[in-house]
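The following exercises are to be worked through with the sequence and the coordinates at hand. Each task is followed by a solution in steps.

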Amino acid sequence: MPVKVSIIGAGNWGSAIAKIIGQNIQKSIKFDPVINMWVFEETVNGRKLSDLINQDHENVKYLPGHKLPHNVVAVPNVKEAANGADILIFVIPHQFIPKICDDLKGHVKTGAIGISLIKGIDEGPGGLKLISDIIREKLKIEVSVLMGANIANEVADEMFCETTIGCKNPASGKLYKELMQTPQFRISVVDDCDTVELCGALKNVVAVGAGFCDGLGYGDNTKAAVIRLGLMEMIAFAKVFCKGPVSIETFLESCGVADLITTCYGGRNRKVAEAFAYGGKSIAELEKEMLHGQKLQGPQTSAEVYKILKQKKMVDKFPLFVNIYLICYQGKSVKELITCLQNHPHHM
């Protein structure tokens, strides 16, 4: 039986990965030729988004200018989209995952596996809760993760890039690589899943700090300090909160330092944070104004991180993460970011 693939999510990154998978599947006999892609239904230019994708083969709202393969079928009902799937690819903003998993409960094929491309974390009673944990617990399936220096529009433009899959099951890792790797999109598979996933979430927080630097008019040296101190805090956070051992080598994969750098120089978190530093508008207003329906992950992740650190009485150990949260949501002056860098414990 051919392996059936469903993509849960049709935003910017969901559409870019659908383009890769749609093209790869056309050349393979291992996979079912049709991919269902769940679309959050909305009206765009007077038409339903699902109709636009199925008739014009383009997601004009989230990935304009890119044709999607004809075997990618937009489905507005999430249960219908996941029906019969052997592989579920989750690629929606992290704040929506609990509800989507609740909707899917009891509608997932026995033996199905999942992979999360979602960059974010949640706060649980024990402190940190990974998005893959939420999917695993709610749907009772094996879940891997994919994270890397993958700005969606560049991936869709077929510019060369790398990515990292965190997967404990070698057979699943091989299958995902077959499904998604192309000459332009190269994949490394590692088994340190939790670290891979944490990198994907935390680098967005650091990118907010990088955007503040840009908005304040500081140069590359200052931004390099934000990136380095941010990386130090990412490693320290992983060592405290990951359930298993943390391999420092994972931070040298695409999901680590490469994704951190690209997000601090490109990406929506940096862009919105720069605008925020100019003053006058809240994060929520800028998200609405600048991102046309896309969701911002960095500020929200900083709020989750702050709650987790507060719960564990570790706020003073992660000054960069904490100050980014306080600037975004608690009215602390953006100029205080520099004071935070000057007095960072790594210099004491």
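**Exercise 1: Charged residues of helix α4**

At 25% relative accessibility, Asp-103 counts as partly exposed, a class that lies between buried (under 20% relative accessible area) and exposed (over 50%), computed with a 1.4 Å probe on protein chains only. The model is a predicted one, in which local features need pLDDT of at least 70 and side-chain atom pairs count only at pLDDT 80 or more, whereas totals for chains, interfaces and linings use all residues. Residues are numbered from 1 along each chain as its sequence is written, and side-chain values use heavy atoms, with hydrogens and water left out.

Task: Identify the salt-bridge partner of Asp-103, and then determine which helix is tied to α4 through Asp-102.

Solution.

Step 1. A salt bridge requires a side-chain nitrogen of Lys or Arg within 4 Å of a carboxyl oxygen of Asp or Glu. Asp-103 meets this criterion with Lys-99, at 2.9 Å from N to O.

Step 2. Both residues belong to helix α4 (residues 97-104), where a spacing of 4 residues amounts to about one turn. Helices here are DSSP runs of H or I with at least four residues, strands are runs of E with at least two, and both are numbered from the N terminus. Lys-99 is exposed, its relative accessible area being 55%.

Step 3. Asp-102 pairs with Lys-138, with 3.0 Å between the closest N and O atoms. Because Lys-138 lies in helix α5 (residues 131-139), this salt bridge ties α4 to α5 across 36 residues of sequence. Asp-102 is partly exposed at 38%, and Lys-138 is likewise partly exposed at 24%.

**Exercise 2: A salt-bridge network**

Task: Determine which residues are linked with Asp-133 in a network of salt bridges, and state whether Asp-133 is buried or exposed.

Solution.

Step 1. Asp-133 forms a salt bridge with Lys-243, in which the closest N and O atoms are 3.3 Å apart. Asp-133 is in helix α5 and Lys-243 in the loop between α9 and α10, so the pair connects parts 110 residues apart in sequence.

Step 2. Asp-133 is buried, with a relative accessible area of 11%, whereas Lys-243 is exposed at 63%.

Step 3. The network comprises Asp-133, Arg-136, Asp-194 and Lys-243. The structure holds 19 salt bridges.

**Exercise 3: A buried acid without a salt bridge**

Task: Establish where Asp-192 is placed and which side chain joins it in a polar contact.

Solution.

Step 1. Asp-192 sits in the loop between β12 (185-190) and α8 (193-216).

Step 2. Although buried, Asp-192 has no salt bridge, and the nearest side chain of opposite charge, that of Lys-168, is 6.0 Å away. For this assignment Lys and Arg count as positive and Asp and Glu as negative, while His and the chain ends are not counted.

Step 3. The side chain of Asp-192 makes a polar contact of 2.8 Å with that of Thr-195. Such a contact is a pair of N or O atoms within 3.5 Å; within protein, one must be able to donate a hydrogen and the other to accept it, and residues adjacent in sequence count only if both atoms are side-chain atoms.

Step 4. With residues up to four places away in sequence left aside, Asp-192 touches Pro-245, Val-246, Ser-247 and Thr-250, contact meaning heavy atoms within 4.5 Å.

**Exercise 4: Helix α10**

Task: Compare the expected span of α10 with the distance between its end C-alpha atoms, and list the elements against which its buried residues pack.

Solution.

Step 1. The expected span is 1.5 Å times one less than the number of residues. For the 12 residues of α10 (residues 254-265) this gives 16 Å, which agrees with the 15 Å between the end C-alpha atoms.

Step 2. The buried residues of α10 are Ser-254, Cys-255, Gly-256, Asp-259, Leu-260, Thr-263 and Cys-264. They pack against β10 (142-147), β11 (161-166), α8, α9 (220-241) and α11 (267-277).

Step 3. After α10 comes Gly-267, with a positive phi near 75°.

**Exercise 5: Positive phi outside glycine**

Task: Locate Lys-140 and His-292 and give the phi of Lys-140 and of His-292.

Solution.

Step 1. Lys-140 lies in the loop between α5 and β10; its phi is positive, near 55°. Lys-140 is exposed at 68%.

Step 2. His-292 occupies the loop between α12 (283-291) and α13 (298-311), and its phi is positive, near 45°. His-292 is exposed at 57%.
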